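Please open the structure in your viewer and keep the selection tool at hand. We will go from the whole chain to its interior and back out to the surface.

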Amino acid sequence: MASRQPFTDSDTADEAVRATCDDASTCKRFATSKGYWTDPYIQYFVRQTGERKAPEINRGYYARVHGMNHLLDAFLRKTECNCQVVNLGAGLDTTFWRLKGINMMPKKYFEVDFSMIVARKIHNIKTKPPLSKQLIETHSTDSLLFAFGICILLDGHSLDSDRYCIIGADLRDLQGLEEKLKKFQLNTELPTLFLSECVLVYMTPEQSSKLVHWVADTFHTAMFVNYEQVNMGDRFGQVMVENLQRRQCTLAGVEVCCSLDSQKERFLSNGWENADALDMMTVYSILPQDDIARIERLEFLDEKELLQQLLQHYCICWASKDKLRLGLSQLAF
């Protein structure tokens with residue numbers, strides 16, 4: 001969702017951002033093939049390539065996946081799954097299938113992304129029985145025997161079933177986003193968790209602020225978990241920005257990524273009651289250390305300083321508001 005100038009309708013720039021979906025998915029597929037974590041479903045979305053990923057990249061994705069899952073699972077336990085999850089810029093993410101596999105599904109799981117990515121994902125679901133079977137099993141009736149047992153709407157750019165919905169939408173168009181989510185029975189009275197990974201950074205600060213404000217304004221009990229860059233003002237951060245710019249991929253919201261405080265302030269100044277943030281080096285150091293020891297045996301890491309630098313330039317920021325007094329502010333690492 002980036003552009004040469006912040007958020008014009010540049011097709012070239014949006015295509016560059018869409019390509020980051022493939023980058024992330026390929027990295028996750030490679031890391032799982034090396035044994036960093038188990039994901040039996042990613043193979044149905046991403047082909048294994050011969051390209052190797054550096055050990056520090058694999059460890060970084062391990063921290064990202066486990067950090068996000070930690071807060072997601074904590075939210076599901078706290079709400080006893082009487083909640084919704086909305087994954088913004090979900091790409092080819094497999095979280096719905098993971099939650100189905102461990103019997104920890106919310107009332108409904110929503111995904112939102114560019115229509116082109118959504119169309120690809122729907123095609124994969126439709127043509128891969130291990131994916132579609134999980135959706136059919138969660139559907140309460142067989143009355144929607146259209147296509148492959150679930151309902152596909154809007155020319156293949158949306159898919160809806162009882163427990164899973166994927167929507168093609170542009171997060172910069174809040175009115176359109178809200179209309180589509182409500183069309184597919186998003187319930188603003190239910191506790192709702194919003195997830196985003198390297199999504200807000202491709203929006204201007206004004207646009208991402210409007211998005212998080214809309215969530216706070218619409219849901220009385222909610223949590224927002226955001227993974228993206230931080231500490232971007234130093235030389236290492238500048239090199240990251242330059243590398244993306246060479247691919248015509250502009251970090252339109254990079255100014256919000258200057259510190260953990262600026263990440264938290266985006267939420268605190270837009271209607272959220274509580275916010276906290278940790279850089280990924282800290283997250284990596286407090287994840288279960290027996291599993292950290294296991295993954296560190298998978299590959300030799302020559303430059304540990306590079307891993308530290310990389311992890312110090314990404315963070316997880318989470319915010320909450322809690323009218324129902326569920327104790328969401330207690331959720332942390």
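**A walk through the fold**

Start with the whole protein in view: among contacts with a separation of 6 or more, 77% join residues 24 or more positions apart. Keep in mind that this is a predicted model.

Now switch to cartoon view, where you can pick out 12 helices and 9 strands. The radius of gyration is 19 Å, close to the 20 Å that the globule rule gives for 333 residues, so the protein is as compact as a globular protein of that length. Turn the C-alpha trace along its principal axes and you will find spans of about 55 × 45 × 40 Å.

Next, go inside. Of the 333 residues, 57% count as buried. Select Trp 97, Tyr 164 and Val 225: these have the most contacts inside the largest nonpolar core, which has 71 residues. Then colour helix 2, residues 55-79, which gives this core its largest share, 10 residues.

Stay in the interior for another stop: Val 86, Leu 181, Trp 272 and Ala 277 are among the 30 residues of a second, separate core.

Now centre on Trp 97. Which residues is Trp 97 in contact with, leaving aside its neighbours within four places in sequence? Show Tyr 41 and Phe 45, then Lys 121 and Ile 125, then Pro 130, Leu 131, Gln 134 and Leu 135, and finally Tyr 164.

Finish by turning on the surface. About 14500 Å² is exposed, with carbon and sulfur atoms supplying 48% of that area. Colour the charged side chains too: there are 38 positive and 44 negative ones, and the centres of the two sets lie 5 Å apart.

Note on methods
Residues are numbered from 1 along each chain as its sequence is written. This is a predicted model: local features need pLDDT of at least 70, side-chain atom pairs count only at pLDDT 80 or more; totals for chains, interfaces and linings use all residues. Side-chain values use heavy atoms; hydrogens and water are left out. A nonpolar core is a set of buried Ala, Val, Leu, Ile, Met, Phe, Trp, Tyr and Cys residues joined through side-chain atoms within 4.5 Å. Buried means under 20% relative accessible area, exposed over 50%, partly exposed in between (1.4 Å probe, protein chains only). Helices (H or I, at least four residues) and strands (E, at least two) are DSSP runs, numbered from the N terminus. Contact means heavy atoms within 4.5 Å. The radius of gyration is taken over C-alpha atoms; the globule rule is 2.2 Å times the number of residues to the power 0.38. Accessible areas come from the Shrake-Rupley method with a 1.4 Å probe; for residues, only the protein chains shown count as cover. Lys and Arg count as positive and Asp and Glu as negative; His and the chain ends are not counted. The place of a charge is taken as NZ of Lys, CZ of Arg, CG of Asp or CD of Glu.
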